[in-house]
Amino acid sequence: MKFVVQRVLSAKVSVDGNVVGKIGQGYLVFIGICSTDTEQIADKMVKKLIDLRIFEDSEGKTNLNLKSVAGSLLLVSQFTLYADCKKGNRPSFIRAGAPDMANALYEYIIDACKNVVPIVEQGIFGADMKIELLNDGPFTIILDSEEIC
């Protein structure tokens with residue numbers, strides 16, 4: 001499982017010209033699910049995400065987590081995080097989770113986040129989404145279950 005976490009001042013996701021998810025300060029998180037991922041891996045990844053201290057304190061040090069700044073989450077599924085570009089010029093997505101399995105884990109992650117974060121917005125699994133964001137920093141962190149779990 002991979003989370004690409006972007007610290008944002010605001011972000012929104014649209015499908016067919018309609019905004020389906022929108023947040024102010026917080027994290028825009030692109031979520032890639034691998035064919036071998038489980039709910040146990042998702043639990044560890046969500047805990048790491050929620051506990052990340054990447055917001056600045058009064059001294060300008062990245063010492064504050066999402067809760068400390070009353071931040072929100074915008075969660076967007078993105079199977080392309082499992083692109084394999086080793087051979088040729090056309091990526092392979094063989095390691096990405098099958099749609100039914102990946103969607104179930106994506107929904108599981110959303111529910112887990114909603115248990116601890118007051119505002120959790122989301123994209124639509126499998127849709128052609130347009131993302132707009134105002135990155136804060138820019139500040140981007142990649143969480144990879146192969147390194148965390």
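Strands here are DSSP runs of E with at least two residues, numbered from the N terminus. With that in hand, Pro-138 can be placed: this proline is found in strand β8. The model you are looking at is a predicted one, and Pro-138 is a fun place to start, since a cis peptide bond joins Gly-137 and Pro-138, with omega at about 0°.

Now let's go to the strands in the middle of the story. Take β3, which covers residues 26-32. Seven of its seven residues are buried, so β3 is largely enclosed by the rest of the structure. Who are its neighbours? One is strand β1, residues 2-15, which pairs with β3 in the antiparallel sense over seven bridges. If you want a spot to look at, find Val-5, which stands opposite Val-29 in β3. Another partner is β6, and this time the pairing with β3 is parallel, over six bridges. Two places show this pairing nicely: Tyr-27 stands opposite Leu-73 in β6, and Phe-30 has Val-76 of β6 as its bridge partner.

Stay with β6 for a moment. Is this strand mostly covered or mostly open? It's mostly covered, with six of its six residues buried. You can check that from both faces of β6: Ser-72, Leu-74 and Val-76 are buried on one side, and Leu-73, Leu-75 and Ser-77 are buried on the other. Besides pairing with β3, β6 is joined to β7 by three bridges, and those two strands run parallel. To find that join, look for Leu-75, which stands opposite Gln-122 in β7.

Next, the rings. A pair of aromatic rings is described by the distance of the centres and the angle of the planes. To count as a pair, two ring centres have to lie within 6.5 Å, and by this rule the count comes to three aromatic pairs. One of them is Phe-79 with Phe-93, whose centres are 5.0 Å apart with 70° between the planes. Planes over 60 degrees apart count as edge-to-face, so that is the label this pair gets. Both rings sit in the loop between β6 (72-77) and α2 (99-114), yet the pair links distant parts of the chain, with the two positions 14 residues apart. As for how open Phe-93 is, this residue counts as partly exposed, because its relative accessibility is 30%.

Another of the pairs is Tyr-106 with Phe-125, at 6.1 Å centre to centre and 40° between the planes, which makes it tilted. This pair also links distant parts of the chain: Tyr-106 is in helix α2, while Phe-125 is in the loop between β7 (120-122) and β8 (129-144), 19 residues apart. What about their surroundings: is Tyr-106 buried or exposed? Tyr-106 is buried, because its relative accessible area is 0%. Phe-125, with 29%, is partly exposed.

There's one more ring worth a look, and this one has a lysine for company. Lys-2 lies over the face of Tyr-82, at 4.7 Å from the ring centre.

Some of these parts come together again around the largest pocket, which holds about 330 Å³ of space. The pocket is lined by 18 residues, and the ones nearest its centre are Ser-77, Gln-78, Phe-79, Thr-80 and Gly-126. You've already met Phe-79 as a member of the edge-to-face pair, and Ser-77 as one of the buried residues of β6. Which elements supply at least two residues each to the lining? They are β3, β6, α2 and β8. Of the contributors, β3 gives the most, with three residues. By class, the lining has twelve nonpolar and six polar residues, and no charged ones.

Finally, two loop residues have backbone angles to notice. Asp-16, in the loop between β1 and β2 (18-23), has a phi near 55°, a positive value in a residue other than glycine. Ala-70 has a positive phi too, near 55°, and is found in the loop between β5 (62-64) and β6. Where do they stand on accessibility, buried or exposed? Asp-16 is exposed, because its relative accessible area is 72%. Ala-70 counts as exposed as well, at 66% relative accessibility.

Technical notes:
Residues numbered from 1 in each chain as written. Predicted model: local features only at pLDDT ≥ 70, side-chain atom pairs only at ≥ 80, totals over all residues. Heavy atoms only, no water. Phe/Tyr/Trp six-rings, centres within 6.5 Å; stacked < 30°, edge-to-face > 60°. Helix = DSSP H or I, 4+ residues; strand = E, 2+ residues; numbered from the N terminus. Buried < 20%, exposed > 50% of the residue type's maximum accessible area, 1.4 Å probe, protein only. Lys NZ or Arg CZ within 6 Å of the ring centre and 35° of its normal. Pairing = 2+ DSSP bridges. 1 Å grid on protein atoms, 1.4 Å probe; cavity = no way out; pocket = protein on both sides within 12 Å on 5 of 7 lines; lining within 4 Å. Points joined across faces, edges and corners; volume = space filled by probe spheres on them. Nonpolar A, V, L, I, M, F, W, Y, C, P; charged D, E, K, R; others polar.
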